[in-house]
2 protein chains.
Amino acid sequence: MNVSHDKNAALDQALELFWTKGYASTSLKDLERATGMHPGSLYAAFGSKAKLYCLSLERYATRLNHLRAELQAQAGSPLEGLAQFILRAHPLSDANAPLPVCYLVKATLETSQGNQAIEDKLSELLTQNDAIFADVFQQAIDAGELPAHSDAAKLARQLSADLAGLCFYALREKDAEVIKDMVGDLATRVRTQH
Amino acid sequence: MNVSHDKNAALDQALELFWTKGYASTSLKDLERATGMHPGSLYAAFGSKAKLYCLSLERYATRLNHLRAELQAQAGSPLEGLAQFILRAHPLSDANAPLPVCYLVKATLETSQGNQAIEDKLSELLTQNDAIFADVFQQAIDAGELPAHSDAAKLARQLSADLAGLCFYALREKDAEVIKDMVGDLATRVRTQH
DNA sequence: GGGCAACTTGAGTGATCACTCAAGAAGGGT
DNA sequence: ACCCTTCTTGAGTGATCACTCAAGTTGCCC
């Protein structure tokens with residue numbers, strides 16, 4: 001009996017596995033179990049474990065950016081859009097959100113030495129993300145929401161680092177209230193910039 | 001020909017390896033090469049790969065805390081001590097420093113699911129570290145360096161997250177000037193608290 | 001220098017790793 | 001109903017994993 005597989009569904013399963021277990025400690029056996037695909041099919045569809053991982057990173061980044069764009073469109077201003085994104089992107093505030101920036105952060109910290117293709121893909125996605133943040137801050141400057149002398153790129157870097165710090169802290173802190181508080185603080189900081 | 005080994009030196013080698021490669025992707029072969037010890041000796045001295053890793057985490061945390069205490073003693077005030085610590089602990093500003101908080105941060109993000117003993121050890125060390133930060137902030141409050149209504153624990157959590165965010169960003173940003181800038185900004189933020 | 005405890009050695013353990021490929025099933029066109 | 005392409009299957013590949021242990025070496029006490 002043969003089973004036909006949905007590539008996207010399998011990719012989502014893989015994303016979740018890689019996210020929770022990490023790249024190195026996720027085995028092909030794990031991936032087979034999670035996706036319901038056999039090794040041959042996995043390799044026919046994705047090429048290799050590393051390529052599958054890269055695809056999962058890309059898929060995640062795309063989804064996160066779509067959420068951001070959507071919230072940005074709904075919000076009354078660039079900064080308010082970012083603030084909403086911070087509040088929504090975190091899994092504690094909305095379990096159905098495409099989850100926190102954490103996957104890219106986790107990936108960056110665990111694969112800092114190893115497969116070159118993975119590092120390149122990560123670098124590409126993170127740089128892209130910083131550029132998007134910078135773009136939003138620039139819009140805020142142009143709209144007069146931020147002083148004209150503000151440095152959009154620098155603000156983007158700081159937000160990137162702040163989000164990463166939050167992800168880290170959320171991973172170890174059991175008390176949801178504490179995290180909610182920190183997320184709220186960051187959103188406020190972005191809204192008011194100081 | 002037998003070779004007698006220095007356990008501490010071997011532990012340092014292991015620490016460095018685990019730090020750069022990550023726990024899962026560091027093999028016993030790697031550890032043998034780096035420490036010059038044979039598998040039997042490694043197991044006689046440390047028990048297992050996981051225990052060796054826990055020891056390296058502990059060693060790192062201890063060293064980092066010693067540096068903090070030293071800088072704290074030299075500095076004119078609790079907050080200034082913390083600021084100095086932030087400036088010094090980062091590898092870009094001093095290659096001989098015991099390195100950034102990054103090892104614990106990296107470890108937390110890469111072992112979020114797996115060996116229970118490792119998770120427990122990490123949780124213990126990070127909680128300990130937060131407590132130390134909170135203690136310093138409390139000293140700052142008592143000394144009048146911070147307003148009496150300040151929340152030492154909350155400030156400690158924020159600093160912990162900020163340092164983690166910095167570690168993350170430093171890992172991917174190639175431009176040393178940018179990182180120096182961010183480190184400096186964080187130090188200033190700690191000194192002036194806003 | 002003989003005896004013994006403590007340490008070092010490294011080939012070997014079974015398990016698991018990422019990955020392959022020949023054989024079989026399914027689906028479509030005629 | 002038949003062929004032919006395309007996809008699925010899963011046992012099998014050699015490599016490498018964390019780890020063990022019997023044999024060998026060393027250093028110390030008398």
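Among the elements of chain A in this predicted model, helix α6 (residues 102-110) has the lowest mean pLDDT, 87, and helix α7 (residues 116-142) the highest, 95; pLDDT is the predictor's confidence in each residue, from 0 to 100, and helices are DSSP runs of H or I of at least four residues, numbered from the N terminus. Over residues 95-99 of chain A the pLDDT falls below 50, and this stretch has 9 contacts in the model beyond near neighbours in sequence (two residues are in contact if their C-beta atoms, placed from the backbone, lie within 7 Å). For chain A the mean pLDDT is 88, with 90% of its residues at 70 or more. Local features need pLDDT of at least 70 and side-chain atom pairs count only at pLDDT 80 or more, whereas totals for chains, interfaces and linings use all residues. Residues are numbered from 1 along each chain as its sequence is written, and chains are lettered from A in the order in which they are written.

Chain B is laid on chain A by a turn of 180° and a shift of 0.0 Å along the axis, with an RMSD of 0.0 Å (least-squares superposition on the C-alpha atoms of residues with pLDDT of at least 70 in both copies). That is the relation of a two-fold axis. Of the residues of chain B, G165(B) comes closest to the rotation axis, its C-alpha lying at 1.9 Å. The same surface serves both copies, as 100% of the contact residues of chain B recur in chain A.

The contact takes 29 residues from each of chain A and chain B. On the side of chain B that touches chain A, α1 (7-21), α6 (102-110), α7 (116-142), α8 (152-172) and α9 (176-192) each supply at least two residues. The largest share of that side, 11 residues, comes from α8(B).
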